[in-house]
Amino acid sequence: MSDSAFHYVDGVLHAEGVSAASLAEQFGTPLYVYSRDALTQAYRAYADACAGRNATVHVAVKANSNLAVLNVFARMGAGFDIVSSGELARVIAAGGRAEHTVFSGVGKSAAEMREGLEAGVKCFNVESIPELHALNEVAKSLGKKAPVSLRVNPDVDAKTHPYISTGLKSNKFGVAFSDARATYAQAQAMDHLDVVGIDCHIGSQITEISPYLDALDKLLELVGQIEADGMRIRHIDVGGGLGITYDDETPPAIGDFVTTLLDHIGKRGHGAREVYFEPGRSLVGNAGVLLTRVEYLKPGEEKNFAIVDAAMNDLARPAMYEAFHRIVPVVKRDAAAQTYDVVGPVCESGDWLGRDRELALVPGDLLAICSAGAYGFVMSSNYNTRPRAAEIMVDGERARLVREREEVEQLFAGESILPD
Ligand SMILES: *Cc1c(COP(=O)(O)O)cnc(C)c1O
């Protein structure tokens, strides 16, 4: 949680200048709360380190695709990294520009390629030979040339959770390093493709720089070979993946991370190429919290449970990756703490938000689940026919509803029953 954006004033958690208790009162719970200032500071850390260095930032939309969040970045001149045409539509609706948008993703459909080409995206990050053929065909049908970069799988261990490690041979992502040169040659031979770059994305929640440097060394070696084959690699996209502090992790600071990578590329003699960064989590993760209210306390022989009104459908990360999120009281209470598992009302044993947490609680208390700005709301579902939470953006003393809480009727509005 960004300490400057989220802090206590007289024992009450505040988001910037607004009390979290008053937000819960006004907008109900569960409630996602984002800080504009925290978003701005994280983006600035990237942008400032890139300034004057032929490097650009493409915000990974999938980490948090709320229009207000994307708009904060768009206003600061960000580019975007998308993985679907739905995300492209969000970028445009939020004031972003297609020509500053990179289209990633392992399974783009022909319809998505068409939408991307018609909108004029900056580059397609392609992950296989069949996808190259498909993109070539779509571009041909539109009388265009598609700008292409190949996502190369450098086969490095990002030392993160297996579900969010993407740069190993065993992952579904990217073109195998050993096939990359030949795949580039195939792309070059297609009339409606224009090879412009190379990319990789080795995983997420990475807390060390060394896997990036290992990946870069492999990519740069390949760049030399590809250029010897007559193609020009104008940009190197290093992907996203920089980790944040959820608990006691100590990832490199954003500015140090950017500078180290750019210096490394420069030292290897590739300083003239444009470098793209595709951060998601490190921009939005600690800019958001999820507020929830304690419904019931359920003491037990082995465990005490605090049953709260947020659940795995609101924040999937604990159930999905056993991810840790700090959980803090919205109003600090002077009472003896007990150990609780903080769980939701969904009918699954996997529906927990935090285990073995020391908290002083009574029913009705508000809790903040920290570091919930990335892969939080975007992964939420309607499981158990639970309407999705509202989202709020705080900006100084003001709080604005940036997504309405869903109504139950909306959830089955597109459904129908048989006529007889
Ligand atoms: C998910 C993703 C990102 C962002 O990853 P973070 O870990 O959130 O920084 C960047 N690029 C690609 C291709 C992705 O799939």
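**View 1. The residues around the ligand.** In this predicted model, 14 residues surround the ligand, meaning that a heavy atom of each lies within 4 Å of it. Lys62, Ser204, Glu278, Arg281 and Tyr375 are the closest. Sorted by class, the shell has three nonpolar, six polar and five charged residues; here Ala, Val, Leu, Ile, Met, Phe, Trp, Tyr, Cys and Pro count as nonpolar, Asp, Glu, Lys and Arg as charged, and the others, Gly among them, as polar.

**View 2. Side chains that meet the ligand.** Take serine 204 to start with: an N or O atom of its side chain is 2.3 Å from an oxygen atom of the ligand. Tyrosine 375 also offers a side-chain N or O atom, 2.5 Å from a ligand oxygen. Glutamate 278 has a polar side-chain atom 2.5 Å from a nitrogen atom of the ligand. On its own, the ligand has 390 Å² of accessible area (Shrake-Rupley method, 1.4 Å probe), and the protein covers 94% of that.

**View 3. A salt bridge across the chain.** Arginine 36 and aspartate 395 join their side chains in a salt bridge, 3.1 Å from N to O. The term stands for a side-chain nitrogen of Lys or Arg within 4 Å of a carboxyl oxygen of Asp or Glu. This pair ties together distant parts of the chain, 359 residues apart: arginine 36 is in helix H2 (residues 36–50) and aspartate 395 in strand S20 (residues 390–395). Helices (H or I, at least four residues) and strands (E, at least two) are DSSP runs, numbered from the N terminus. The structure holds 17 salt bridges.

**View 4. Two loops with unusual backbone spots.** Between helix H1 (20–27) and strand S4 (31–35), the loop holds proline 30. The peptide bond leading to proline 30 from threonine 29 is cis, with omega near -5°. Aspartate 10 sits in the loop between strands S1 (6–9) and S2 (12–15). Though not a glycine, aspartate 10 has a positive phi of about 50°.

**Notes.** Residues are numbered from 1 along each chain as its sequence is written, and side-chain values use heavy atoms, without hydrogens and water. Local features need pLDDT of at least 70 and side-chain atom pairs count only at pLDDT 80 or more, while totals for chains, interfaces and linings use all residues.

Definitions and conventions
A polar contact is a pair of N or O atoms within 3.5 Å; within protein, one must be able to donate a hydrogen and the other to accept it, and residues adjacent in sequence count only if both atoms are side-chain atoms.
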